[in-house]
Amino acid sequence: MPFGELVIGRARAILPGIGGLLIDTARAARRMSAADRICFGSVGAPLLGHLLLAVQALLPGADLTCRCQYSPAVLLDDLAAGRLEAAVLGDHPGQGLPQRADVVLHAIVIEPVFALLPAAHPLATRDAVPLAELLEEDWAVPRPDGDRTREYWASVCALTDRAPFAPYEAEGRQLIEIVCAGLAVSLCQATFIEVPGVVVRPLAENPLW
C-alpha cells in the first residue's frame, strides 16, 4: 500500500535519530547524576586503592565503582563514551595519548621505569641496574597493546645497539611468576609493590620514563 510504504520510509529515516537521542539522553543523565554515581577507571596503578579511598572521603554519599584495564586506550574510549567519569591512564614520552572530544587530560606525575628481577639474580644486589646489562638477559614483556609500551621499550633499547630477547609474553601475575621463577627479567613501574621472589631496582641514569 502506498500509505504503508510512506510510513515505513519515514520510520526508517527517523529511527537512527531516535537511537542517537536515546544514547545522548542516557549519557546526559549519567553526567547529571555524577555526584551520586561515579565509575572510575584505571590502568595498573599500585596507588589505586588509596585513590578510591580519597574519592570516597570527598564524596561520602557517592556510589563508587571501579573498572581496571591493562590498556589506557580502552579506558580512553570509555571516557569519551561517557561510561566512566574519571580514569588514571598512562603513556610514554613521545607517545602521548590521543586527544578525544569531551575528555580532558591532566598530567599528574612522570614516573621512571624500573627493572623487575628475580630475587636471586646477580643484578639484584646492585643499587641501580644498567640497561645494557639488563639486555643480556631473557625478557618477559607484555603483549602488544594500545599503550605502545613494548614499542617504547624497544625504541629506547635500540639506542644501546642491542634489542631485548623476549621469549616470554605475559602481563600481570603471569609475568611476575615468570620473573620469580628466574626465567626472565622485565620492567615495571617505580611504584611496583615487591612480592616474594622478585625485587625492583632503578635503571641507572633513568633511561626510561
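1. Surface and burial. In this predicted model, the protein exposes about 12,600 Å². Carbon and sulfur atoms account for 61% of that exposed area. Of the 209 residues, 31% count as buried.

2. Overall architecture. The secondary structure consists of six helices and eight strands. Read from the N terminus, the elements follow the order α-β-α-β-α-β-β-α-β-α-β-α-β-β. Among contacts between residues at least 6 apart in sequence, 70% join residues at least 24 apart.

3. The three-stranded sheet. An open sheet is built from three strands in the order β2-β1-β3, with parallel pairing. Strands β2 and β3 (86-88) occupy the edges, and each has a single partner strand, so one side of each is left without a neighbour in the sheet. From one strand to the next, the twist averages 20°. Strand β1 (residues 37-42) is joined to β3 by three bridges, and Phe40 stands opposite Ala86 in β3.

4. Helices packed on this sheet. Helix α2 (residues 48-58) lies across β1, β2 and β3, and runs at about 160° to β2. Helix α3 also packs on the sheet and touches β1, β2 and β3. The direction of α3 makes about 165° with that of β3.

5. The principal nonpolar core. The largest nonpolar core comprises 20 residues. Those with the most contacts inside this core are Leu117, Leu131, Leu134, Trp139, Trp153, Leu187 and Leu208. Two or more residues are contributed by each of β4 (113-118), α4, β5 and α5. The largest share, four residues, comes from α5.

6. Surroundings of Leu134, and a separate core. Not counting residues up to four places away in sequence, Leu134 touches Ala115, Leu117, Leu123, Val129, Trp139, Val185, Ser186, Leu187 and Leu203. Apart from the largest core lies another, of 12 residues, which includes Leu175, Ala184, Cys188 and Val198.

7. Salt bridge between Asp78 and Arg67. The count of salt bridges in the model comes to eight. One of them pairs Asp78 with Arg67, the closest N and O atoms being 3.2 Å apart. This pair links distant parts of the chain, with Asp78 in helix α3 (residues 72-80) and Arg67 in strand β2 (residues 63-68), 11 residues apart. Asp78 has a relative accessible area of 7% and is therefore classed as buried, the cut-off being under 20%. Arg67, at 29%, is partly exposed.

8. Salt bridge between Arg162 and Glu136. The closest N and O atoms of Arg162 and Glu136 are 3.0 Å apart. Arg162 belongs to the loop between α5 (149-157) and β6 (165-169), while Glu136 belongs to the loop between α4 (131-134) and β5 (138-141). The two residues are 26 residues apart, and the pair links distant parts of the chain. The relative accessible area of Arg162 is 34%, which means that Arg162 is partly exposed. Glu136, with a relative accessible area of 54%, is exposed.

9. A further pair and a network. Glu194 forms a salt bridge with Arg201, with the closest N and O atoms 3.7 Å apart. Glu194 is partly exposed, its relative accessible area being 41%. Salt bridges that share partners also join Arg67, Asp78 and Arg83 into one network.

Terms used. Residues numbered from 1 in each chain as written. Predicted model: local features only at pLDDT ≥ 70, side-chain atom pairs only at ≥ 80, totals over all residues. Heavy atoms only, no water. Buried < 20%, exposed > 50% of the residue type's maximum accessible area, 1.4 Å probe, protein only. Contact = heavy atoms within 4.5 Å. Areas by Shrake-Rupley, 256 points an atom, 1.4 Å probe, with all protein chains shown as cover. Salt bridge = Lys/Arg side-chain N within 4 Å of Asp/Glu carboxyl O. Core = buried A, V, L, I, M, F, W, Y, C linked by side-chain atoms within 4.5 Å. Pairing = 2+ DSSP bridges. Axes fitted to C-alpha atoms, helices over the stretch in contact; angles between N-to-C directions.
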